[in-house]
Amino acid sequence: MSSDLYIYYRVAAGNAQQFDQAAAKMQAGLSLQYQVASALKRSPEIKDEHHTWMEVYSSVPPDFEKIIDQAVAEHGLAALIDGPRHTEFFVNISSCA
């Protein structure tokens, strides 16, 4: 059974453009190398001078969380993220009878 990975965290609104460029570059490389679909999303509102951001990866391999952690470090994203990164996996289920 495959699973999708969702990661959300906060980034200061003043770092949005720099973060967006770095995260998009990271995701493009991961999508190409691991053949996973990815998306980068951001909340429209600013709360406490921050946006909430979310990375989405579809049908990831079992060890993908470690791969993401390494990619975040390599692309310097951790320096732009305020607080912890929250990671959740959701399994793909079939509703066919």
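## Exercises on a predicted model

Serine 3 is buried, with a relative accessible area of 15%. Keep in mind throughout that this is a predicted model.

**Exercise 1. Work out where serine 3 sits and which residues it touches.**

Step 1: start with the cut-off. Buried means under 20% relative accessible area, and serine 3 comes in at 15%, so it counts as buried.
Step 2: find its element. Serine 3 lies in strand β1.
Step 3: list its partners, skipping residues up to four places away in sequence. That leaves Ser58, Ser59, Val60, Phe89, Phe90, Val91 and Asn92.

**Exercise 2. Describe how helix α1 and helix α2 pack against each other.**

Step 1: pick your descriptors. Two packed helices are described by the angle between their axes and the distance between the axes.
Step 2: read them off. The axes of α1 (residues 16–34) and α2 (residues 64–74) come within 11 Å, and they cross at roughly 140°.
Step 3: name the geometry. Angles over 145 degrees would count as roughly antiparallel and 65 to 115 as roughly perpendicular, so with its crossing angle α1 is oblique to α2.
Step 4: add the hand, which is right-handed for this crossing.
Step 5: find who makes the contact. On the α1 side you have Met26, Leu30 and Tyr34; α2 brings Phe64, Ile67, Ile68, Ala71 and Val72.
Step 6: sort them by class. The tally is eight nonpolar residues, no polar ones and no charged ones.

**Exercise 3. Find the residues that touch the most other members of the largest nonpolar core, and say which elements feed it.**

Step 1: the core has 22 residues, and Phe19, Leu30, Tyr57, Phe64, Ile68 and Leu77 touch the most other members.
Step 2: β1 (3–12), α1, β3 (50–60) and α2 each supply at least two residues. The largest share, six residues, comes from α1.
Step 3: zoom in on phenylalanine 19. Leaving out residues up to four places away in sequence, it touches Tyr9, Val11, Trp53, Leu77, Leu80 and Ile81.

**Exercise 4. Take glutamine 35 and glutamate 49: where do they lie, and are they buried or exposed?**

Step 1: check the backbone. Phi of glutamine 35 is near 50°, a positive value in a non-glycine residue. Glutamate 49 isn't a glycine either, yet its phi is positive at about 65°.
Step 2: place them. Glutamine 35 is in the loop between α1 and β2 (37–42), while glutamate 49 is in the loop between β2 and β3.
Step 3: apply the cut-off, where exposed means over 50%. Glutamine 35 has 63% relative accessibility, so it is exposed. Glutamate 49, at 65%, is exposed too.

Definitions and conventions. Residues are numbered from 1 along each chain as its sequence is written. This is a predicted model: local features need pLDDT of at least 70, side-chain atom pairs count only at pLDDT 80 or more; totals for chains, interfaces and linings use all residues. Side-chain values use heavy atoms; hydrogens and water are left out. Axes are lines fitted to C-alpha atoms, for helices over the stretch in contact, and angles run from 0 to 180 degrees between N-to-C directions. Helices (H or I, at least four residues) and strands (E, at least two) are DSSP runs, numbered from the N terminus. Angles under 35 degrees count as roughly parallel, over 145 as roughly antiparallel, 65 to 115 as roughly perpendicular and the rest as oblique. A crossing is left-handed if the near helix is turned anticlockwise from the far one by less than a right angle, and right-handed if clockwise. Contact means heavy atoms within 4.5 Å. Ala, Val, Leu, Ile, Met, Phe, Trp, Tyr, Cys and Pro count as nonpolar, Asp, Glu, Lys and Arg as charged, and the others, Gly among them, as polar. A nonpolar core is a set of buried Ala, Val, Leu, Ile, Met, Phe, Trp, Tyr and Cys residues joined through side-chain atoms within 4.5 Å. Buried means under 20% relative accessible area, exposed over 50%, partly exposed in between (1.4 Å probe, protein chains only).
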